[in-house]
Amino acid sequence: AGAAGVAGLGAVGVALRSDGDAGTVSAYPEPEYGDPDRTYRLTASEHEIDIAGGDSYDGWTYNGAYPGPEIRAVEGERVRVVVENDLPEETTVHWHGMTVRGDNAMDGVPGVTQEAIAPGDEFVYEFDAEPAGTHWYHSHVGLQLDRELLGPLVVEERNPHVEYDAEHTLILDEYLPEEPRVETADGMDGMGGMGGMEGSFPGAPPASGTLVNGALPSDPAEFEITEGERVRLRLINAAAATMYAVGIDDHRLTVTHADGPAVDPVTVDTLEIGMGERYDIVVEGDSPGRWPIRIAPVDSVAPAGRAVLAYEDATDGIDEGAIGGHRLQYADLRSLAPAPGVGGSPDRTIDLELSAGGAMGMMGGSGDDGEWTINGQAFPDADPIRIQEGEHVRVRVRNRSPMRHPMHLHGHHFQAGDVVKDTITVPGHMGQVEFDFVADNSGKWLFHCHHLYHMETGMVRIVEYV
Ligand code: C2O
Ligand code: CU
């Protein structure tokens with residue numbers, strides 16, 4: 001739907017805001033609607049969130065629930081989601097993992113693909129459910145994701161390559177009892193912090209626990225498995241600022257899907273999941289009973305390849321030994337269907353450097369204090385990355401900061417080594433990743449760090465088809 005229209009509009013360089021008057025030129029692509037197979041309705045509103053254990057706080061939710069209701073479809077179906085905004089601020093919804101091919105207008109990026117939905121208004125999103133797999137949806141405005149405007153989006157495969165008897169979706173998130181706000185060095189410690197660094201270094205306010213499906217993990221993070229049973233777990237890291245290590249006592253994890261698409265199953269003891277990433281795992285019941293799923297925040301300043309498990313008050317009893325062993329690496333993953341057209345040498349190579357502004361100058365930073373930058377520019381004062389329809393594009397990302405950055409590309413899955421993903425964590429301390437994709441989805445698409453506070457302070461670019 002709408003590919004031609006979107007391509008035409010791609011030539012407009014600036015995002016002009018339509019004021020709604022007849023005759024006003026809008027730079028936004030035109031939404032096009034079809035005949036949906038499934039229709040959902042999400043109402044974003046302020047709602048009290050109860051945390052198991054008696055705590056509650058004022059969150060923002062979809063349909064009064066955190067996580068929001070599951071959106072589920074079968075591969076290839078057309079999905080319509082009517083989003084109503086009952087919040088005191090404008091909002092949008094992004095379908096993280098959906099290619100929204102030909103539907104740039106449905107990508108949910110305010111000021112880029114649409115005008116944000118004003119309080120009291122609604123917007124009708126529609127997209128094809130592809131690729132199959134475990135995805136999610138969330139607000140793409142400011143820090144709203146950290147007010148809990150998020151939920152699961154599952155696309156069932158028509159021909160699954162794994163068999164399982166039961167499935168559960170586990171949404172990992174940090175418990176942030178305070179108002180979300182960008183913190184700088186003075187007020188920081190813990191996982192978002194850079195203890196001892198001079199100057200301001202923007203991050204997230206300290207979290208005080210890990211939530212699984214909206215509850216502290218004592219209850220839901222245990223699961224029961226019977227002899228011979230195969231349980232599929234769909235893991236989604238919806239946290240704003242925390243990577244997690246995941247393991248299950250006495251069981252190994254067979255990873256079957258990464259960011260949606262199927263991989264050649266690989267069995268590991270633990271895995272790390274960055275913000276925005278998804279892994280599906282199958283656990284086999286060779287040791288029946290009730291088993292705790294160990295979920296530990298990973299120290300975000302640990303050197304690449306040497307993950308350090310941090311402990312949090314809410315997840316007492318995490319035993320580093322219990323979740324040691326072989327930890328999943330990207331190099332272990334091989335997608336069953338490689339991204340088409342990315343063999344051979346690229347038509348265009350784009351080099352990007354991630355760094356913090358100002359105070360981090362000694363590590364190659366440029367830009368101002370309190371910013372996270374890509375090639376020294378902090379969004380929105382940043383040049384678009386221009387590509388052309390049909391090109392084989394290679395992106396090389398170097399990290400000049402000590403922190404890891406889970407980088408997410410909208411509108412495309414890309415191939416990194418042998419795995420096809422949409423979000424990839426660049427290791428800290430001069431870490432580097434490289435990925436390839438074919439430019440086959442015209443429009444303007446974001447490429448950004450999924451650390452919400454890095455994104456909010458500039459680590460974003462628009463990838464624009466010209
Ligand atoms: Cu899940 Cu642009 O984000
Ligand atoms: Cu980041």
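The side chain of E272 makes a polar contact with the side chain of R327 at 2.8 Å, and a further polar contact of 2.8 Å joins the side chains of E272 and R404; a polar contact here is a pair of N or O atoms within 3.5 Å, where within protein one atom must be able to donate a hydrogen and the other to accept it, and where residues adjacent in sequence count only if both atoms are side-chain atoms. E272 lies in strand β16 (residues 270–273), and at 16% relative accessibility E272 counts as buried, the term standing for under 20% relative accessible area, with exposed over 50% and partly exposed in between (1.4 Å probe, protein chains only). Strands, like helices, are DSSP runs numbered from the N terminus (E, at least two residues, for strands; H or I, at least four, for helices).

This is a predicted model, in which local features need pLDDT of at least 70 and side-chain atom pairs count only at pLDDT 80 or more, while totals for chains, interfaces and linings use all residues. Residues are numbered from 1 along each chain as its sequence is written, chains are lettered from A and ligands numbered from 1 in the order in which they are written, and side-chain values use heavy atoms, with hydrogens and water left out.

**Copper site**

The copper ion (ligand 2) is coordinated by H405 through ND1, C449 through SG and H454 through ND1, at 2.0 to 2.1 Å. Donors are N, O and S atoms within 2.8 Å of the metal (3.2 Å for Na, K and Ca), and since water is not among the atoms, sites may look incomplete. Along the chain, the donors of this copper ion follow the spacing H-x43-C-x4-H. C449 is buried, with a relative accessible area of 0%, and H454 is likewise buried at 0%.

**Strand pairing and core**

Strands of a sheet pair through backbone hydrogen bonds, either parallel or antiparallel; two strands are taken as paired if DSSP finds at least two bridges between them. An open sheet of 4 strands has the order β3-β8-β7-β5, with mixed pairing, and its edge strands, β3 (71–74) and β5 (93–96), each pair on one side only. Within this sheet, β7 (residues 133–139) and β8 (residues 150–156) pair in the antiparallel sense over 6 bridges, and Y137 has G151 in β8 as its bridge partner.

Elsewhere, strand β19 (residues 348–356) runs parallel to strand β22 (residues 392–399), joined by 7 bridges, and β22 is joined by 7 bridges to strand β27 (residues 432–438), in the antiparallel sense. V395 in β22 is the bridge partner of I350, and V395 also stands opposite F435 in β27.

F435 is, with W95 and I387, among the residues with the most contacts inside the largest nonpolar core, which has 53 residues; such a core is a set of buried Ala, Val, Leu, Ile, Met, Phe, Trp, Tyr and Cys residues joined through side-chain atoms within 4.5 Å. The largest share of this core, 4 residues, comes from β19.

**Backbone features in loops**

| Residue | Feature | Loop |
|---|---|---|
| P67 | cis peptide bond from Y66, omega near -5° | between β2 (55–62) and β3 |
| P380 | cis peptide bond from F379, omega about 10° | between β20 (372–374) and β21 (385–387) |
| E148 | positive phi, near 90° | between β7 and β8 |
| D259 | positive phi, near 50° | between β14 (253–258) and β15 (262–268) |

E148 is buried, with a relative accessible area of 0%, and D259 also counts as buried, at 0% relative accessibility.
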